Amino acid sequence: VQLVESGGGLVQAGGSLRLSCAVSGSFLSINAMGWYRQAPGKQRELVAGLTNGGGTTTYADSVKGRFTISRDNAKNTMYLQMNSLKPEDTAVYYCNAKLSLRILEFLERWGQGTQVTVSS
């Protein structure tokens, strides 16, 4: 199972970016997905998460109202729409998936990370 991210880059403050995370490989189901970020010198933190096939979402307080997480179940792809970006959003963004390989056999995978840089 692999997670491949795309969509990072350099943007000015106030701008927008959309990140994508495609899950490939053999698995029974995706139980939860999320986006995390890690800025230099800081711990990795949860930005946004999806569970129950996309029915339940959670956001870090710092991104509420600006970021939107979504999922295309048919494509096994998760997105993070980031609007009104701020310099403090600068970080490496990682996608995470918690999957069922088989009944009662679980796996967690991380993407390779994509750099998001917001200039002031």
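Here are legends for a few close-up views of this predicted model.

**View 1. Two aromatic rings, Y36 and W110, meet edge-to-face.** This is the one aromatic pair that the structure holds. To describe a pair of aromatic rings, you give the distance of the centres and the angle of the planes. For Y36 and W110, that's 4.9 Å centre to centre, with 65° between the planes. An angle over 60 degrees counts as edge-to-face, so this pair gets that label. Now look at where the two partners come from: Y36 belongs to strand 4 (residues 29-38), and W110 to strand 10 (residues 105-110). They are 74 residues apart, so the pair links distant parts of the chain.

**View 2. R44 lies over the rings of Y94 and W110.** R44 lies over the face of Y94, at 3.8 Å from the ring centre. The charged end of R44 also sits over the ring of W110, 4.6 Å from its centre. Is W110 buried, partly exposed or exposed? Its relative accessibility is 35%, so W110 counts as partly exposed.

**View 3. Four strands make an open sheet.** Their order is 1-3-8-7, and the pairing is antiparallel. Strand 1 (2-6) and strand 7 (67-72) stand at the edges; each has a single partner strand, so one side of each has no neighbour in the sheet. Ignoring direction, neighbouring strands here are turned by 15° against each other on average.

**View 4. Strand 7 pairs with strand 8.** How many bridges join strand 7 and strand 8 (residues 77-82)? There are six, and the two strands pair in the antiparallel sense. Zoom in on T68 and you'll find Q81 of strand 8 standing opposite.

Technical notes
Residues are numbered from 1 along each chain as its sequence is written. This is a predicted model: local features need pLDDT of at least 70, side-chain atom pairs count only at pLDDT 80 or more; totals for chains, interfaces and linings use all residues. Side-chain values use heavy atoms; hydrogens and water are left out. Rings of Phe, Tyr and Trp (its six-membered ring) pair if their centres lie within 6.5 Å; planes under 30 degrees apart count as stacked, over 60 as edge-to-face and the rest as tilted. Buried means under 20% relative accessible area, exposed over 50%, partly exposed in between (1.4 Å probe, protein chains only). A charge sits over a ring if NZ of Lys or CZ of Arg is within 6 Å of the ring centre and within 35 degrees of the ring normal. Two strands pair if DSSP finds at least two bridges between them. Axes are lines fitted to C-alpha atoms, for helices over the stretch in contact, and angles run from 0 to 180 degrees between N-to-C directions.
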